[in-house]
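I set aside this session for aromatic contacts, a surface patch and one helix. The entries below follow the order in which I looked things up.

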Amino acid sequence: MKRNIIIAMLLSFILFQARAQQVLTLEEALTTTLSNNFNILLAKNDNKIDIENTSLGSAGMLPAVTGSFSRSNSIQNSRQVRNDGQVQQISNAKNDNMSYGVNLNWTVFDGFGMFARRDRFKEIQRQGEAEIKFEVISQLSEVIATYYNLVQQKRLLNALDTTITLSQYRVTLAENRLEIGKGSKLDLLNAKVDLNTDQTNLLRQRESFQNTKTYLNQLMTRDLGIDFQVEDEMKLDTDLKLGDLIQIADQQNPQIQLALINKRVAELNLKSVKAERYPKIGLNTGYNWNESHSSLGFSTENKNKGLNYGVTASLNIFNGFIQNRNERIAKFQMQSTEIQIQQQKQNIQAQVRTLFQTYITNIELANVEKKNEELAKENLNITMDKFRIGTITTLEVRTAQLNYINAMTRSYTAQYDAKVSEIRLKELTGETY
């Protein structure tokens with residue numbers, strides 16, 4: 001019975017560990033980020049506000065209908081002297097007045113300013129959509145770079161595990177040789193020092209690995225304590241072309257798109273300012289009720305109700321040259337947006353060119369370091385064979401170990417650097433993953 005309980009507990013522990021260390025795919029990480037990331041959610045919420053503001057009413061194209069009600073009361077001591085000399089006097093005279101009604105005001109023409117405002121709201125909505133795209137691409141690019149950073153670190157952990165295995169073998173071999181009188185205590189001490197050094201490096205790497213996991217959880221906006229594993233594969237896209245990247249970036253880069261939208265907003269702003277030169281025409285109508293009572297006077301009660309309507313028109317003839325100043329400022333703002341477009345295009349193109357050169361260099365380095373890794377591994381295998389038969393010193397073994405781990409580190413780093421360059425290039429082109 002106890003045996004069955006122990007087996008059940010072991011199986012439960014194994015299943016718990018399997019769940020805790022489930023493999024997180026890159027696609028799952030990206031999907032979770034799209035759903036949960038705070039920056040993306042904030043950008044989407046801002047865009048919802050822009051959508052709400054894009055309405056005919058916000059542009060001033062619809063009439064305003066208001067209802068009103070008022071009532072006032074007074075108690076006064078009144079004295080009136082008429083033309084014929086008769087005097088009327090009353091104390092604590094009560095008077096009241098009540099009015100209510102519905103009124104409509106509608107600006108039917110304001111120099112086409114309302115149409116400019118409507119189009120401006122639409123451009124601001126497009127601006128919000130471009131900002132969402134920019135935020136999505138930025139956050140997903142960071143997630144991808146962080147994910148492959150974990151892949152690189154996982155490989156380094158495996159390499160360090162291999163190094164520790166070799167160091168433990170050296171310690172065991174040195175102990176055996178010392179026992180049979182064919183080795184020295186110095187060799188044993190050196191092997192133990194090297195093993196401790198490797199274990200320290202492994203602990204540091206594990207710390208970095210766990211901290212990077214926490215950062216990826218933060219980017220995905222989920223429980224920071226969730227543990228997981230990542231895939232082992234890191235494929236490089238070696239087919240990127242500079243000309244294609246520059247052309248796509250010029251058409252799709254979110255920052256360039258934002259600059260173009262800003263120019264359109266500035267044009268519509270100038271149109272709104274110029275609308276102030278035209279007359280404004282409005283219609284108004286309403287139906288009102290009024291009732292009043294007075295304790296003293298020619299009439300003690302007054303009631304009226306009815307429809308009123310009319311047309312209003314106004315024209316800005318002169319306002320101290322403020323209109324001219326506002327138009328000049330709006331034109332300067334539009335010119336600034338044109339300059340910003342050219343500036344943004346040049347900045348993006350410079351970034352693409354610089355990153356592409358880094359990308360090419362990193363691809364070449366990754367190939368070179370991969371060959372070095374293979375050579376270092378072959379050298380280590382030969383060294384260990386010679387060490388087993390006692391034809392080389394422990395110092396030579398350690399040198400071969402360090403060469404191997406350094407070669408693997410450089411190889412993995414070069415692959416990761418090439419991948420990051422690829423990710424940043426695609427980010428500049430405005431590609432979504």
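I looked up the burial of Tyr147 in this predicted model. Tyr147 has a relative accessibility of 1%, so I enter Tyr147 as buried. Tyr148 is buried as well, at a relative accessible area of 10%. Both values fall under the 20% cut-off for burial.

Next I asked how the rings of Tyr147 and Tyr148 are placed in their aromatic pair. Their centres are 5.9 Å apart and their planes stand at 90 degrees, an edge-to-face pair. My search of the whole structure returned nine aromatic pairs.

I then took the pair of Tyr287 and Trp289. The ring centres lie 4.7 Å apart, and the planes meet at 65 degrees; an angle over 60 counts as edge-to-face, so I enter this pair as edge-to-face. Are Tyr287 and Trp289 buried or partly exposed? Tyr287 has a relative accessible area of 33%, so I note Tyr287 as partly exposed. Trp289 comes out at 28% relative accessibility and is also partly exposed. I also checked which aromatic cluster holds Tyr287 and Trp289, and found that Phe69 and Tyr100 complete it.

Charges over rings came next. I find Arg177 over the face of Phe387, 5.0 Å from the ring centre. Lys213 is placed over the face of Phe228, at 5.5 Å from the ring centre.

On the surface I looked for nonpolar patches. I noted one of about 410 Å², formed by Trp106, Val108, Ile281, Leu283 and Val311. Which strands each supply at least two residues of this patch? They are β3 (87-109) and β5 (280-294). I looked at Ile281 separately and placed it in strand β5. Ile281 has 33% relative accessibility, so I list Ile281 as partly exposed. A patch residue needs over 30% relative accessible area, and the 33% of Ile281 meets that.

Last, I checked the length of helix α8, residues 322-388. At 1.5 Å a residue, its 67 residues should span 99 Å, and I get 93 Å between the end C-alpha atoms, so I accept that the two agree. Just after α8, I noted that Gly390 has a positive phi of about 80 degrees.

Notes: Residues are numbered from 1 along each chain as its sequence is written. This is a predicted model: local features need pLDDT of at least 70, side-chain atom pairs count only at pLDDT 80 or more; totals for chains, interfaces and linings use all residues. Side-chain values use heavy atoms; hydrogens and water are left out. Patches are made of residues with over 30% relative accessible area and no salt bridge: like charges are joined within 9 Å, nonpolar side chains (Val, Leu, Ile, Met, Phe, Trp, Tyr) within 5 Å. Accessible areas come from the Shrake-Rupley method with a 1.4 Å probe; for residues, only the protein chains shown count as cover. A salt bridge is a side-chain nitrogen of Lys or Arg within 4 Å of a carboxyl oxygen of Asp or Glu. Helices (H or I, at least four residues) and strands (E, at least two) are DSSP runs, numbered from the N terminus. Buried means under 20% relative accessible area, exposed over 50%, partly exposed in between (1.4 Å probe, protein chains only). Rings of Phe, Tyr and Trp (its six-membered ring) pair if their centres lie within 6.5 Å; planes under 30 degrees apart count as stacked, over 60 as edge-to-face and the rest as tilted. A charge sits over a ring if NZ of Lys or CZ of Arg is within 6 Å of the ring centre and within 35 degrees of the ring normal. The expected span of a helix is 1.5 Å times one less than its number of residues.
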